[in-house]
Every structure is written in structure tokens, then in C-alpha cells.
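Student: Could we go through this structure together? I would like to begin with one small detail and then turn to the whole chain.

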Amino acid sequence: MSWWRDAVVYQVYPRSFADGNGDGVGDIAGIESRLPYLRDLGVDALWINPWYVSPMADGGYDVADYHMIDPVFGTLWDAERLIGAVHRHGMRIIVDIVPNHTSDRHPWFQAALAAGPGSPERARFHFRDAPNNWRSRFGGPAWSRVDDGQWYLHLFDAAQPDLNWDHPEVRAEFESILRFWLDRGVDGFRIDVADRLVKQAGLPDRPEREQLVPSYQDNGEQPDKDRPEVHEIYRAWRRVLDEYPDRAFVGEMWVTDPERFARYLRPDELHTAFNFAFLKCAWDARALREVVDRTLATHARVGAPPTWVLSNHDVTRHATRYGREDTRFVKRVHDVPTDLALGRRRARAAALLSMALPGSVYVYQGDELGLPEVFDLPDAVREDPVFRTGGRDLGRDGCRVPIPWGGDAPPFEFGTGGAWLPQPGEWRDLTAARQLGDPASMLSLYRLALRVRRDEPALGDGPLRWLEMGDGVLAFARDPGFTCAVNLGVEPVPLPEGRPLVASAELTADGEPALPPDAAVWLST
Ligand code: GLC
């Protein structure tokens, strides 16, 4: 079976993972030094967020050179060495590709600015004499004006001009970028905002009411999103990828309509895509069961394996979300009461749930340590353009705080030269080193569960059978001989039959065997 059908993929946000050269920012040398940790954690693959040359207006999602590594992370040679080292550690490596937009420092955009209105250089982007009413996903208009009076489109930051995917040179260039990295041995690509590349011809205004929908909720075909023509691009990309054995795409599409989502996963397009319906879902048995059923049905239509995602570098960490009254992810909020102990307890159960469901699993760096979102960063250190352009939304820096590896004080062995975002002092109790020595820690739970998942023939890809254990309990069997039960209710419930393999909490209530609230168990049956 292909590895990507059931892989556990660990997301490395390189600026915040591990700093090898002591400049306070994570880098490739840091990642390499922590490969034994990732191997021992039990993940199958790494996905590295953008590491290309970038002015970092959007944390590297503003790429100025797709063929070079940003000096803050290292060199191309370091990247090639890392790819080899990951493989030697028995893992795979997926890199991020950012095709919707470049950086405003990309030579193409610089040439477009210099060449002036009507030039062939401008045709690779969307330049117009007047803007339409589209809004940037980061807030404010999606158009900025250049000195000669023309406007260019940017669905994200003004430093991220959107490419014109109707232009043959744009298409050819990205196929060549894919080959460049495939030739260096990467095992696949995570495609940034995969649903937005193609825009409706003529760039018509969006209906006014749609402007108000938060970016994580919007749906369906729109003038700037999910156009039918985008699929032709992925068919072409798939032909390129299929020239190399065993490689895979994972698409980032915030498309909620199941039928439209599935189109990206047709057999001649992308292999997998992030399941954001699962990430957004409330900690609620009925809602989660609906999402699981819908996910399985959606993917079955096209024969693609589902993915299970709880957090990433764009959303509030789930240990925090699950400790709130409203446990859904609708948009980022920071001023609501949070019970972190509850959030972490649920996060433990959610980890077991996500690893037992059919398909592949994503682990965002720090999930395995139970890291919470950090809200009290000083404004001056916040870098996310979401914060810089609006200020009301604190942005995404709070889920990007550097990883605490060990020690008793910041930067907690992240590196020797501080950390680009300050870590909370309480993280001394959450360091990887501290958790490794504690069998009850989140890290020990992840390590055990991933080991069992790897050895357990019933887990990974394949079917699932629901078991009825009453309202508030999600329970399912996987053949042969495996049961997962998650209690999302408020009362303990009797344990299902079987020999417990892994549990997220102690399996007792009032001294009797039971599955307590907000706990999950795996059993061999
Ligand atoms: C994706 C990335 C996000 C980035 C945006 C623009 O949503 O995950 O971090 O800001 O695309 O590239």
C-alpha cells in the first residue's frame, strides 16, 4: 500500500522548531539535530513549511526564489543533506509549494514593476487600471496601487502579489519547480491555498454579502476561489509527479462542500488534502460523528484516503480550543475563558481518536507536547501580517512560539541564542526532555499510540464500524480486533470489551473500571 494512504505526517514550522546556529530562529541544522526525536516519536513523514528565500512578510509564504533556501534556514546544500538524513532515519519529507502568489521581491514582480503598464512582464500577475471589490484574506482591499497608477491583486498581504495562472509561463515555471525538488529527493508537496490559483475571467466583483464570511468558513465556487479550471493545473502536476515513484500531494483547500472538495482528490489530481472539517468541529460526539461519516463518504467517492488534522500554523492550538465553552474553530478569538487542564485532557483523547480513524494523520509541532496557544506576546514581537494589517485579530504568532526542548528557562534549548518569539516560563513543565521522563505526559502518550498504530494491522487505511455506546460516546471497531472509544459526555461510561492498549486517562471512576469523561481508550478485541 502507498505510504501516503496512512502516514503520520509531522508538520515542521522551521522558524520555530529548533535553532542550530544560535540566531534565535529555527533552521535546517536544527531540524537535522532533532531527527532522532521525530523517528522515536514514530512519525512517518515530515512536512516542512516554506524554507525558500523570502523577505518573511508572511513567515515564508512570500517566496522570492523557489529554487533557493533562505539564508536564515541554511543553504540548498543543507536542504539536500536534510532530505538524505530524513530518509536515512526511515522517514519521508514533504515540502511546501506556494503557487498562488510570489513575494513582491520575486524577480518576476520586480520586472513587472519596472516594465510598466501593458508590458508582457505585468501579464504574469493581475495588474488593472482599477481595482474590483475583493478583500484580502488578511483584511483590507485585495489591491494595492503602484507608482504609475496601476493596481495589482493580492488575495493575501500586499507583499504577496497573485500570479496569473492563465499565463503559460507561470504554468511552465511551477512544473519546473516541482521537478527541481523532486530531483532532490522530496517525497511530495503540500500545496498552499490550492483552491485559489485560478480567478474568474474578467475578475468580476464578489457579491457584497459574501465579503463578510470569515475566511475559514467560506465555501463553494466564487470569483476568486474554487474555479473549475484549477483542476487542469493539478492534472498537469500529477503527470509530472507520476514520473517519480511513490510521491504525493497534499492540498490545502478550505472548501467545505464535500462534492467540490472531492473533485481535487480524483485519481488523476491530488492524492490527499487536509481535512479542515475535522479541525473546525466542536468537541461533541454527534458533530464529530457527522464529520467522520461525511469525510469517509466524501473520500470514498474518489478512492482517496482521508486525513485527520487537529491544528496547524494558522489556527488556535487545539489544547486551547478544547478548553473553551465553544470548542469549534470558527475564527481566532483571544479574550474568552479557557480551562487549559480540560483542553489538554480532551487533546489527549482527540489524539487517540485521530490516530485510530482510517487514513493519514497530521501532527503539528508541539501538539505532542500539549502546547497551548500563547496570547500574551508583546505587540512589538508579533510578525504575522494578520495582526499587522488589522490589530483586532492577534494573528497566528501564538501558535508559532518556538518549541521547548529542555531546561528550566527560556529558550528551553530551542537554541543558544534566544527565541524569536518569547516562550512562557510555565513551559518548563512542558519541555520534551521533561515529558520523556514522565509516562503520564502527552509526549509519552503520542509515542506509545504511534507505536501501537504502526504495529496494529487494523489501523491506518481501511473501513470502520460504529459501535453504539450511548449518546456522548464515539466508539468504533476496526478489523481485525480493534476498538476505539471516546467519551465526550459528562458521566463515566462502562468500558467496552477488550484488553486496553492505550488510554488517554486513567480508566476508573469512583474506584471502578470505567471510561471517564473526555477520555479515550484503544482496546484489542
Ligand atoms: C496558507 C498558509 C498560510 C499563509 C497563506 C498565504 O493558508 O497556510 O500560513 O499565510 O496560505 O500563503
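Student: Which residue stands opposite Trp47 in strand 2?
Tutor: Gln11 stands opposite Trp47. Please keep in mind that this is a predicted model.

Student: How do strand 1 and strand 2 run, and how many bridges join them?
Tutor: Strand 1, residues 8-12, runs parallel to strand 2, and 4 bridges join the two.

Student: And what about strand 2 and strand 5, in which sense do they pair?
Tutor: They pair in the parallel sense, over 4 bridges; strand 5 covers residues 92-97. Within this pairing, Ile48 stands opposite Val95 in strand 5.

Student: Are the faces of strand 2 covered or open?
Tutor: Both faces are covered. Ala45 and Trp47 are buried on one side, and Leu46 and Ile48 are buried on the other.

Student: Why do the side chains swap sides like that?
Tutor: In a regular strand, side chains alternate between the two faces of the sheet.

Student: Now the whole chain: how many helices and strands are there?
Tutor: The protein chain has 14 helices and 20 strands. Its radius of gyration is 23 Å, close to the 24 Å that the globule rule gives for 525 residues, so the chain is as compact as a globular protein of that length.

Student: What share of the residues is buried?
Tutor: Buried residues make up 61% of the 525.

Student: Last topic, charges: how many positive and negative side chains are there?
Tutor: There are 60 positive and 80 negative side chains, and the centres of the two sets lie 2 Å apart.

Key:
Residues numbered from 1 in each chain as written. Predicted model: local features only at pLDDT ≥ 70, side-chain atom pairs only at ≥ 80, totals over all residues. Heavy atoms only, no water. Rg over C-alpha atoms; globule rule 2.2 N^0.38 Å. Buried < 20%, exposed > 50% of the residue type's maximum accessible area, 1.4 Å probe, protein only. Lys, Arg positive; Asp, Glu negative; His and termini not counted. Charge placed at Lys NZ, Arg CZ, Asp CG, Glu CD. Pairing = 2+ DSSP bridges.
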